[in-house]
Amino acid sequence: VPHYQRVYSEKAFDLFDWNEQVQYLRIKSFSNARENANQARAFANQLEKQLKASHLVIDLRGNTGGAQRVSQPFYKILKRYQKKGKIWVLTNYNTVSNAEQFTLKLRGLKGTTLLGMTTNGQLSYGKNRANTKTLPSSYFIFKYTDMDFSRFLEYEELGVKPDIWLDPDTDWKEQALKIINK
């Protein structure tokens, strides 16, 4: 697995120490599917009291997004955390949709730095319902969007660029720790 895709936990939601000053938070998905949403809620309910380190690395690589109702509890916790610690966000091209919106919200918090690669650039539109229309030729299907995230249009197809690029051919944990320890 290339370094830019290598995650440090296979769990959908996980928190553990990289060292005494740095904790690692894995958020694999903001999917609103019942099992994931329930797991996210349970994890978020325990998260705040476990955040003790002065630096928190949030890994959103491979997070293809989901629903704001799943990501928002994490944002509220991290907004409170940023008053006592620094946030470092790992992203790559497989950080998509609501995970990109979440990344931008985190970037707005004091003491947050984005590390890694540019995100996917699919964050301005969405759909809750599977409304589709087959065009007369039968060769194309038109999928309606029923959610408006036009405030993110400047990032559509371009993605969210990191503050600090990480080398895709070198271990990202080592790179992140080196940057944090400067």
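Strands β2 (22–27) and β3 (55–59) run parallel and are joined by 5 bridges. Strands and helices here are DSSP runs, numbered from the N terminus (E, at least two residues, for strands; H or I, at least four residues, for helices). The model is predicted: local features need pLDDT of at least 70, side-chain atom pairs count only at pLDDT 80 or more, and totals for chains, interfaces and linings use all residues. Residues are numbered from 1 along each chain as its sequence is written, and side-chain values use heavy atoms, with hydrogens and water left out.

One bridge partnership pairs glutamine 23 with leucine 56 of β3. The wider sheet is open and holds 6 strands, in the order β1-β2-β3-β4-β5-β10. Its pairing is mixed. Two strands are taken as paired if DSSP finds at least two bridges between them. β1 and β10 form the edges, each pairing on one side only.

Strand β3 is mostly covered, with 5 of its 5 residues buried. Buried means under 20% relative accessible area, exposed means over 50%, and partly exposed lies in between (1.4 Å probe, protein chains only). Both faces of the strand are covered. His55, Val57 and Asp59 are buried on one side, and Leu56 and Ile58 on the other. In a regular strand, side chains alternate between the two faces of the sheet.

The largest nonpolar core contains 35 residues. Such a core is a set of buried Ala, Val, Leu, Ile, Met, Phe, Trp, Tyr and Cys residues joined through side-chain atoms within 4.5 Å. Ile58 and Phe74 have the most contacts inside this core. At least two core residues come from each of β1 (13–17), β2, α1 (34–47), β3, α2 (68–81), β4 (86–91) and α3 (98–107). Helix α2 gives the largest share, 6 residues. Beyond four places in sequence, isoleucine 58 touches Leu25, Ile27, Leu78, Ile87, Trp88, Val89, Leu90 and Leu106. Contact means heavy atoms within 4.5 Å. A second, separate core has 14 residues, among them Trp18, Leu166, Trp172 and Leu177.

Trp172 is also one of the buried residues of α4 (172–180). The others are Gln175, Ala176, Leu177, Ile179 and Ile180. Their cover includes β2, β3, β4, β5 (112–116) and β10 (164–165).

Aspartate 171 sits in the loop between β10 and α4. At the start of α4, a side-chain oxygen of aspartate 171 comes within 2.8 Å of the backbone nitrogen of lysine 173. The cut-off for such a polar contact is a pair of N or O atoms within 3.5 Å; within protein, one must be able to donate a hydrogen and the other to accept it, and residues adjacent in sequence count only if both atoms are side-chain atoms. Aspartate 171 is buried yet has no salt bridge. The nearest side chain of opposite charge, arginine 6, is 4.5 Å away. Lys and Arg count as positive, Asp and Glu as negative; His and the chain ends are not counted. Aspartate 171 also touches His3 and Tyr8, leaving out residues up to four places away in sequence.

A salt bridge requires a side-chain nitrogen of Lys or Arg within 4 Å of a carboxyl oxygen of Asp or Glu. By this rule the count is 4. Aspartate 59 and arginine 26 form one of them (3.7 Å, N to O). Aspartate 59 lies in β3 and arginine 26 in β2, so the pair ties together parts 33 residues apart in sequence. Both residues are buried. Arg26, Asp59 and Arg61 are linked in a salt-bridge network.

Glutamate 48 and arginine 80 meet in another salt bridge (2.7 Å, N to O). Glutamate 48 is in the loop between α1 and β3 and arginine 80 in α2, so this pair joins parts 32 residues apart in sequence. Glutamate 48 is partly exposed, at 32% relative accessibility. Arginine 80 is partly exposed too, at 41%. A salt bridge also connects arginine 107 with aspartate 163 (3.1 Å, N to O). Arginine 107 belongs to α3, and aspartate 163 to the loop between β9 (147–148) and β10, 56 residues apart.

Asparagine 63 occupies the loop between β3 and α2. Its relative accessible area is 0%, so asparagine 63 counts as buried. Beyond four places in sequence, asparagine 63 contacts Ile27, Lys28, Ser29, Phe30, Asn94, Thr95, Val96 and Ala99.
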